[in-house]
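This report describes the fold-level composition and selected residue environments of one protein model.

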Amino acid sequence: MNVRQRTIKQEISASGVGLHTGANVTLTFCPAPENHGFKFQRIDLDGHPIIEADADNVTDTSRGTTLTQNGASVSTVEHVMASLVGMDLDNILIKLDGPETPIMDGSSIQFVDLLEEVGTVEQNADREYFTIPHNITYTEEDRKVEIVAMPLDDYRFTCMIDYNSPVLGSQHAGINTIAEFKKEIASCRTFCFLHELEYQLSHNLIKGGDLNNAIVIVDKEVTKDELSHLAKLFNRKDIDVAPQGILNNMELRYQNEPARHKLLDMIGDLALVGMHLKGHIMAARPGHAANVAFAKKIKAAIKKEKNKKIQKVYDPSAKPLFDVVKIMEILPHRQPFLFVDKILELSKNHVVGVKNVTMNEEFFKGHFPGAPVFPGVLQIEAMAQVGGILVLCTVPDPENYLTYFLKIDNVRFRAQVLPGDTIVFRCDLLEPIRRGIAQMKGVGMVGEKIVVEAEMMAQISKVKHAEPTQQ
């Protein structure tokens, strides 16, 4: 049974300070339409720019995960992202009136509670999952980081941390399914070592830091004077070292809370893949940089798997959606340079077209007339014209637009195309069309045999001085 996409019923907000900026900020979760995904919006900036929650938009991982797009940035997004995945959501717009999400108590639980309070609603569109098809690995030998994603019909996590600390030791955490996130992971708070805290304080790097939103692990001998100094900095009467080797500002919620928080961060960072995942993620010593690099590796695997999909065999004699007369109303090409005879299918994301290759083609007079072969460059042109139908049908007046190539990649000619053959081209969008620019994967088939494939980027441009279409 297909799983439907989900959003929230209405807006709900939370306010707090940013951990690193110290700025007061209000975050508002807003319902979003189908296939919207997760996006941030900086409502404090001119134009209210949108920042997509995508691994390709990550610009900094030094002290949390920062996203930048359209001239705007948002920092420390991982705890918010983890709450969205943990609450099984698909489409949310997160409005912010500042540059960083509020740290709250250093975990995701307050975001989860808000989302649970407002409630979720099922949408009409089906959710798309990416099931890990084979082991995907990532390593950083110098930091001894190892991450692997393995095939599994669920979303499972196992995490190990080891900082060579006699206080913290080696810790493990795991969940068998993402449904366990709220109970087992969401309330686990961020942590740091005392030496890191002192460095960050001395360099004014955690303006919003407080002993209420982080576990501080004491990894060195500390004097009474140092503890008194910290107490003064954080407006505390006194601070001491608890038996667990942490500052006594708080009690651990779990013995392995640091490992559980690292798992929380990993869930949030892998949400930047942009698709719900099915697989078992195992990580040793993960961090934001490694998590984001691994997310990009999964994104590359998704793209590769989409390109490897088994091609459907079409009946070229089927009744066309567009005949050649309709095609000429959309495309500006004319004989002898019109290479599309029929359009069989057309959706928002794909198009299927037909090219009949006959000996009457003009180019056969000079292209190997004794052994005629349909030129490869013209196969690509035919594929591009089919893809042009898809792009031009996104505007109300396609007759006033032209389609221009920007790039052609990964072209392969797998078999000769001869007079009498019928090529069926299918072009699929690799990502949504933005600003008239389309990236497509095209495949041409003769019968059940792939004869050509390529990745293309094209842009539609309005013809200057085009007259309005008469109604």
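A contact is taken here as heavy atoms within 4.5 Å. By that criterion, 71% of the contacts in the protein between residues at least 6 apart in sequence join residues at least 24 apart. The model is predicted: local features need pLDDT of at least 70, side-chain atom pairs count only at pLDDT 80 or more, and totals for chains, interfaces and linings use all residues. Residues are numbered from 1 along each chain as its sequence is written, and side-chain values use heavy atoms, with hydrogens and water left out.

**Overall composition**

The protein contains nine helices and 24 strands, assigned as DSSP runs (helices H or I, at least four residues; strands E, at least two) and numbered from the N terminus. Its exposed area is about 22900 Å², of which carbon and sulfur atoms supply 49%; accessible areas come from the Shrake-Rupley method with a 1.4 Å probe. Of the 471 residues, 50% are buried, where buried means under 20% relative accessible area, exposed over 50%, and partly exposed in between (1.4 Å probe, protein chains only).

**Arg-42**

Arg-42 belongs to strand β4, residues 38–42. Its relative accessible area is 7%, so Arg-42 counts as buried. The side chain of Arg-42 makes polar contacts with backbone oxygens (pairs of N or O atoms within 3.5 Å; within protein, one must be able to donate a hydrogen and the other to accept it, and residues adjacent in sequence count only if both atoms are side-chain atoms). These and one side-chain pair of His-288 are tabulated below.

| Side chain | Partner | Distance |
|---|---|---|
| Arg-42 | backbone oxygen of Ser-73 | 2.6 Å |
| Arg-42 | backbone oxygen of Gly-98 | 3.0 Å |
| His-288 | side chain of Asp-269 | 2.8 Å |

Not counting residues up to four places away in sequence, Arg-42 also touches other residues, including His-48, Pro-49, Ile-51 and Leu-96.

**The annotated histidines**

Which residues carry the UniProt feature "active site"? The unreviewed entry places it at His-288 and His-367; such annotations may be inferred rather than shown by experiment.

His-288 is found in helix α7, residues 288–307, and is buried at 14% relative accessible area. Apart from neighbours within four places in sequence, His-288 is in contact with Thr-61, Gly-64, Thr-65, Glu-78, Asp-265 and Asp-269.

His-367 lies in the loop between β20 (350–356) and α9 (376–392). With a relative accessibility of 23%, His-367 is classed as partly exposed. Its contacts, again leaving aside neighbours within four places in sequence, are with Pro-372, Val-373 and Pro-375.
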